Amino acid sequence: MAGNDKRRGGVRKTNKKGMVVGSGGQRRRGLKGKGPTPKAEERVTHPAKKRADQRAKADQQRAKRQASAENAPELVAGRNPVVECVRAGVPATGLYVAQGIDVDDRVTEAVREAKNRGIPVLDVPRVELDRLTSNAMHQGLALQVPPFEYAHPGEVLTAAHDTGLPPLIVALDGVTDPRNLGAVIRSAAAFGAHGVVVPQRRSAGITAVAWRTSAGTAAKLPVAKAVNLTRTLKDYKEAGLMVIGLDADSDITSDELELATGPLVVVVGSEGRGLSRLVRETCDQTVSIPMSTGVESLNASVAAGVVLSEVARRRRIR
């Protein structure tokens, strides 16, 4: 028994495998590197990949909603706003009047002007007008305004050259208040500008509010949308125009604006930040408006009107 136990105890048990002859050559493909580890956002099963896909989907949906909103008609709600729009000649495709409302002079004028201009007048239930205006304070009256058709920046320059006069173009850098945009368009038309250029992003567009503030001049003056405002300004410079920017810190005032009589682009900055860095660097010159001490800077539309008035004055007396 002892001998048998000894023989059994002499058998060494192990899980370790011995060397396999030629394994390096046979398994060469298995030894090849698989390259750098992919980023977390690129791994199909990684949570970061799922979050990245969700963000991309949300961005696409937001872009679709923005494009849909830009191409959709807008409703101006309220008796006073509607009357102001029809007086200003704002293009419209329909006037909605709630059934059973108290008719006053504003309703009468809006209906009369709409019929004179060939705008359909639609009597609708109040609940329907509530739905159309998203429950805004419409006072029984709403005007449907079609989406604005923007020009191309090159078309503005072509229209300016066709006049035979030195081009005068107004560009807005980050002006986000549609009332300021409308007021700038009105000043540009009043002082002989040939068009207005706005950036595609971070800028007010021609909404019903801008239409109303412009007093209808947006229908008479080309308004262009620039994909890249800095690039557009450089294109204008290559075409022979000088670019000036309104800057409250400039040592040159509008009284000293010698460039006014030549081909010119006047750039108006945003209400809070002024000119962006790239736009300021693109300008050939910056100018300020002389003001009394202790007075805050003017808003974008007023500042544009002051400088455009000076440009028009110099052009008249040259």
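This passage describes a sheet, the helices packed on it and some backbone angles in a predicted model.

Four strands make up an open sheet, arranged in the order S1-S4-S2-S3, and their pairing is mixed. The edges are formed by S1 and by strand S3 (121-124), each of which pairs on one side only. From one strand to the next, the twist averages 25 degrees. In general, the strands of a sheet pair through backbone hydrogen bonds, in either a parallel or an antiparallel sense. For S2 and S3 the sense is parallel, and the pairing extends over four bridges. Within the sheet, Tyr96 stands opposite Leu122 in S3.

Helix H5 packs on this sheet, where it touches S1, S2 and S4. The direction of H5 makes about 40 degrees with that of S4. A second helix, H6, lies across S2, S3 and S4 and runs at about 150 degrees to S2.

Helix H5 covers residues 79-88, and its buried residues are Arg79, Val82, Val83, Cys85, Val86 and Ala88. An α-helix has 3.6 residues a turn, so residues three or four places apart point the same way. The buried residues of H5 pack against three strands of the sheet, namely strand S1 (74-77), strand S2 (94-98) and strand S4 (141-145). They also pack against two helices, helix H6 (105-116) and helix H10 (208-213). Just after H5, the backbone at Gly89 takes a positive phi of about 75 degrees.

Positive phi values also occur at Ser134 and at Arg202. Most residues other than glycine have a negative phi. Ser134, which is not a glycine, has a phi of about 55 degrees. Its place is in the loop between helix H7 (126-132) and S4. The relative accessibility of Ser134 is 62%, so this residue counts as exposed, the cut-off being over 50%.

Arg202 is likewise a residue other than glycine, and its phi is near 50 degrees. This arginine lies in the loop between strand S6 (195-199) and H10. Arg202 is exposed, with a relative accessible area of 62%. The helix that follows this loop, H10, is among the elements against which the buried residues of H5 pack.

Conventions:
Residues are numbered from 1 along each chain as its sequence is written. This is a predicted model: local features need pLDDT of at least 70, side-chain atom pairs count only at pLDDT 80 or more; totals for chains, interfaces and linings use all residues. Side-chain values use heavy atoms; hydrogens and water are left out. Buried means under 20% relative accessible area, exposed over 50%, partly exposed in between (1.4 Å probe, protein chains only). Contact means heavy atoms within 4.5 Å. Two strands pair if DSSP finds at least two bridges between them. Axes are lines fitted to C-alpha atoms, for helices over the stretch in contact, and angles run from 0 to 180 degrees between N-to-C directions.
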